[in-house]
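This report walks through one chain, from a hairpin to a run of parallel strands and a helix pair. Keep the structure open while reading.

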Amino acid sequence: MFQNILKALMQQILLNTKARVLRGAGRPTTRVQLALGVALGGRDFVVMAGPCAIEEPRQIATAAETVAAAGCPVLRGGAFKPRTSPYSFQGLGDPGVRLLAETAARHGLASVSEIMDAGDLPAFEGISMLQVGARNMQNFSLLKALAKCGRPVLLKRGFAATVEEWLLAAEYLLDGGNEQVVLCERGIRTFETATRNTLDLSAVVLAKERTHLPVIVDPSHASGRRELVIPLSLAAAACGADGLLVEVHPQPQEALCDGAQALPPEGLFDLMRKLRGILTAVGRELWQPLPQKKAIAL
Ligand code: PEP
Ligand code: MN
């Protein structure tokens with residue numbers, strides 16, 4: 001009993017003093033660079049959008065056109081899908097990742113996609129940021145491998161993980177030598193069934209306060225319902241998040257995965273319009289491409 005208390009106390013002291021994720025006095029937010037002119041953790045609020053899963057060339061190309069036209073710098077899309085049922089669409093695998101990288105490049109976008117197995121790393125060449133999904137937040141061998149690869153990692157919070165467990169998972173990446181880490185709150189499992197998960201905005205504020213890492217919000221998996229995506233996104237921007245990961249599909253009703261939470265193209269345009277006012281109020285700015293920034297600075 002006494003030993004357990006001592007152990008827990010030691011762990012707490014270690015986390016509060018030694019952990020590399022923690023902010024430390026006056027340390028600014030770490031900037032995670034995804035591409036030229038695209039970084040998380042600065043003044044810019046970065047919206048990453050795209051379908052849950054890459055389905056076929058036309059679908060991802062149309063999604064990319066929407067994402068670029070809306071002024072978002074990053075295209076999302078899953079090729080390795082962690083589906084609850086083995087009978088659900090599992091994603092296109094390697095060819096899907098290539099399709100995402102090529103499509104994103106063609107539209108001048110950075111890209112983010114989920115990696116489930118370190119053995120797949122070679123397929124992710126050309127992807128700007130590697131996503132560790134909620135189900136893999138504590139897949140320590142994956143985290144150790146991604147720590148060594150030195151590329152930007154998006155670490156989603158597990159749906160049953162405490163903030164401390166989430167930060168300790170990030171610690172595996174930092175302790176292994178990779179500081180290019182972005183935290184993503186995507187909703188946790190609670191007693192509530194009206195939404196797919198419960199968006200924990202307190203965790204966003206806490207993670208921003210305690211760590212030096214950029215923190216973003218995924219309102220799509222948090223709610224599971226497209227009509228909640230815009231209000232939750234605005235709330236995320238208001239409470240200090242550094243960006244969003246949003247599911248958008250050219251035809252949500254046809255989606256092979258997560259159609260109920262996907263915004264249609266006009267939903268993304270609407271979201272981007274509404275974000276501006278909130279961001280101005282909190283002293284942030286929606287990401288803009290470099291030349292436009294220069295024009296404003298003159
Ligand atoms: C996703 O972003 O496609 C995904 C599967 O999210 P999560 O890991 O948060 O469920
Ligand atoms: Mn999804």
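Which residue in β2 is the bridge partner of Ala35? It is Val38. The model behind this report is predicted.

## The β1-β2 hairpin

Strand β1 covers residues 32-35 and strand β2 covers residues 38-40. The two run antiparallel and are joined by 3 bridges. One of the pairings is Ala35 with Val38.

The hairpin has 2 residues between its strands. Gly37 takes a positive phi there, near 80 degrees.

## Helices α2 and α3

Helix α2 spans residues 57-70, and helix α3 spans residues 94-106. Their axes come within 10 Å and cross at roughly 35 degrees. The crossing is right-handed.

From α2, the contact uses Pro57, Ile60, Ala61 and Ala64. From α3, it uses Leu99, Leu100, Thr103 and Ala104. By class, these residues are 7 nonpolar, 1 polar and no charged.

## Strands β6 and β7

Strand β6 (residues 129-132) runs parallel to strand β7, with 3 bridges between them. Gln131 stands opposite Leu154 of β7. Helix α4, residues 140-149, joins β6 and β7 in a right-handed β-α-β unit.

Strand β7 takes in residues 153-156 and is covered on both faces. Val153 and Leu155 are buried on one side. Leu154 and Lys156 are buried on the other. In a regular strand, side chains alternate between the two faces of the sheet.

## Strand β8 between β7 and β9

Next comes strand β8, residues 181-185, which runs parallel to β7. The two share 4 bridges. Val153 has Val181 as its bridge partner in β8. The chain passes from β7 to β8 through helix α5 (residues 163-175), and this β-α-β crossover is right-handed. A further pairing puts Leu155 opposite Leu183.

How many of the residues of β8 are buried? The count is 5 of 5. Val181, Leu183 and Glu185 lie on one side, while Val182 and Cys184 lie on the other. Glu185 is thus listed among the buried residues of β8.

Strand β9 (residues 215-217) pairs with β8 through 3 bridges, again in parallel. Cys184 stands opposite Ile216. From β8 the chain goes through α6 to β9 in a right-handed β-α-β crossover.

## Val204 in helix α6

Helix α6 covers residues 201-210 and holds Val204. Is Val204 buried or exposed? Val204 is buried, because 24 C-beta neighbours lie inside 10 Å and the cut-off for a buried residue is 20 or more.

Which residues does Val204 contact, beyond its neighbours within four places in sequence? Glu185 is one of them, a residue of β8. Val215 and Val217 are two others, at positions within the span of β9. The list also includes Ala236, Cys239, Gly240 and Ala241. Val204 therefore sits in a helix that links β8 to β9, is buried by the neighbour count, and contacts residues of both strands.

Ile60, part of the contact of α2 with α3, gives a reference point elsewhere in the chain. Val204 and Ile60 are 144 residues apart in sequence, and their C-alpha atoms are separated by 30 Å.

Methods. Residues are numbered from 1 along each chain as its sequence is written. Chains are lettered from A and ligands numbered from 1 in the order in which they are written. This is a predicted model: local features need pLDDT of at least 70, side-chain atom pairs count only at pLDDT 80 or more; totals for chains, interfaces and linings use all residues. Axes are lines fitted to C-alpha atoms, for helices over the stretch in contact, and angles run from 0 to 180 degrees between N-to-C directions. A crossing is left-handed if the near helix is turned anticlockwise from the far one by less than a right angle, and right-handed if clockwise. Two residues are in contact if their C-beta atoms, placed from the backbone, lie within 7 Å. Ala, Val, Leu, Ile, Met, Phe, Trp, Tyr, Cys and Pro count as nonpolar, Asp, Glu, Lys and Arg as charged, and the others, Gly among them, as polar. A residue is buried if 20 or more other C-beta atoms lie within 10 Å of its own, exposed if 12 or fewer, and partly exposed in between; C-beta atoms are placed from the backbone. Two strands pair if DSSP finds at least two bridges between them. A crossover is right-handed if, with the strands pointing away from the viewer, the path from the first strand over the helix to the second runs clockwise.
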